[in-house]
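Biologist: Could you walk me through the empty spaces in this model, starting with the pockets and then moving on to the cavities?

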Amino acid sequence: MINLIPLNTRDINYLFELVSQRNSWFIKLRYIAVILLLGFYFILLFIGSEEFFPEQKLGILLVFFSIFIYNLLLSIISGKDVIKNDVSAFNPMKFALLQIILDLSSLMILVYITGLINSPFYLFFIFHAIIGSLILPGSVVYLLMVIVLLVFSLLNIFTHFGLISEFPISVLSSIKSLDTYYLFLNLLSFWLMILLSVMFVNYLTSALYRREQELIEAIQKIESAESEKQKYIMAVVHEVKSPLSVIVSYLNLLLSGIYEGINDNVKEILVKMKKRSDDAIVLTNDILNVSRIRQLKELKKENIDPLQITGNIIENLKDKGINENITFTIKSNLPEGTRLIADKHFFELLISNVISNAVKFNQKNGKVEVMIFSEDGNICIQVSDSGIGIPQDELSKISDEFYRSREAKSRGIEGTGLGMHTVRQIAEKHGGSLKVMSPSGIGNKDFPGTTVEIRLPAIE
Amino acid sequence: MMKKKILIIDDDSDIIEALKLFLEAKGYEVKGETKPSKAIELFNSFKPDLAILDVMMDEPDEGFFIAQKIKKINPSCPLIIYSSISKALGYDFAKSEVIVAEDFVDKPADPNVLLDLLNKYLGGSNYD
């Protein structure tokens, strides 16, 4: 048996998914067709039931019920595990073929009992030729449509020459039977119409499909190149970090006070070396973090308590004595035990970066206020400070890679320009967002302050 | 009185040396090993009170295999993972259930941070 898979298929699962979607769409569409058919039946009855053949009345109702019932069965089948995404099994392509065969048969019966070439329904064959071409391989559609054309033509010829009975709808057409030449001309143009439809739609569909596949492949290539790039950066930075770690370790040793004979001049230089080496270590760590986030395909998500983690990070900062003069307040209106589904390590890094910034860019005896609340299905964390603030024209750039604000540079506040970038990357990786606002509302004229707002979806 | 014994396993001999000199000055007996294959042998003969080890040696998670082996030999020996791959890279390992280490310190650490950890796990005294 032919496997129905077009020759230019590259990703079979993608094809099956696409056809499955279209299959369920056709099932819905068919219910509409059934309703319209019933409507047509009643309109005909209303116009003049006495002009109907009894076969017509019975036939239309029969077609109506059979379409309705097989559509019901098809929708049940499509919901079950009967259809498998497997070339040899009963797959979505075969399911599509089954549907089109059922539809063409019903339509043929309907067309026959409503007058064949005089029936208003026979044009629907063109519709099926197009639909079929959208899904099935060209050869299959040509075969189906040639069978339809042959049956349709033969039925027309047989009725024309009185070999079988015909059922024209006399209320819709005064023409009882067509002139022979006219009939053949009509049939010929119908043949052409169907075959050309199949040809064009098939050609366009396969060209479109090929383009789509090429696009998907191109995107995949870009993604894997990006991941390779990040891996390369990580490897290089790690290689740089190893000797740096050794240098810092030796500097730590020299500065630990276990050696006598290091005079103050030498010590001063060693302290400077240590300072610069520590900065370099911070930079390597920041780059490693950014690359790691970018390279990660999936986060290790778990249930975390945002309030508790934020509290811990502030406590840790206090323990280190980095921010003795800063007053911290945490407010939360989250219900007790509200959890956030996030990667704990990266969430900690995010909060820690934001709070470190709020401290680093603050004034002496400054304030840091943390507000945690839920809004529109998001958990919002707002960190406001009474620090130097960010000029309006820099707000949108502050989370760009390696961007450092003029104010920070002119005040000689050090940084890698990766802190807020890391925060944005982490927030976005979680499907959230970052917003930076200044002034914060808790600063003053000289220190307008900054508010950083992170929104993360609360529920998956 | 016996000095408390520290084993350092790291593929970088300079890291071992810097740490060894510092810890020895602080009154510990320290031995180091750069080859993962010899680390267990040394652990058995030296019988350290605490081990400090890197996670990324010749193979990415070699350090973790060593950690597991050490914990099998002596479950009560505290282990400190001391690695420059930091949490950014080492997170995959660091979050898995197989980690048996007591602590995880980013390399390079302030020597006083390490000293505090040694005090924490070895009870303050440098001597048995």
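Biologist: Which helix gives the most to the lining of the second largest pocket?

Modeller: In this predicted model, the helix that gives the most to that lining is α1(A), with 10 residues. Other helices of chain A take part too, since at least two lining residues each come from α1 (12-48), α2 (54-79), α3 (92-113) and α4 (124-135).

Biologist: And how many residues line the second largest pocket, and which lie nearest its centre?

Modeller: The lining has 27 residues, and those nearest the centre of the pocket are A:R30, A:A33, A:F124, A:F127 and A:H128. The space in this second largest pocket comes to about 640 Å³.

Biologist: How do the residues of that lining divide into nonpolar, polar and charged?

Modeller: There are 20 nonpolar residues in the lining of the second largest pocket, along with five polar and two charged ones.

Biologist: OK, cavities now. How many of 30 Å³ or more does the structure hold?

Modeller: It holds three of them, and the largest cavity has about 100 Å³ of space.

Biologist: Which elements supply at least two residues each to the lining of the largest cavity?

Modeller: They come from both chains, namely α6 (180-255) of chain A and, from chain B, α1 (13-25) and α5 (111-122). The most is given by α1(B), with four residues.

Biologist: Which residues line the largest cavity, then?

Modeller: From chain A there are A:S249, A:N252 and A:L253, while the chain B residues include B:I15, B:A18, B:L19, B:F22 and B:Y82. By class, this lining has 10 nonpolar and two polar residues, and no charged residues.

Conventions
Residues numbered from 1 in each chain as written. Chains lettered and ligands numbered in written order. Predicted model: local features only at pLDDT ≥ 70, side-chain atom pairs only at ≥ 80, totals over all residues. Heavy atoms only, no water. 1 Å grid on protein atoms, 1.4 Å probe; cavity = no way out; pocket = protein on both sides within 12 Å on 5 of 7 lines; lining within 4 Å. Points joined across faces, edges and corners; volume = space filled by probe spheres on them. Nonpolar A, V, L, I, M, F, W, Y, C, P; charged D, E, K, R; others polar.
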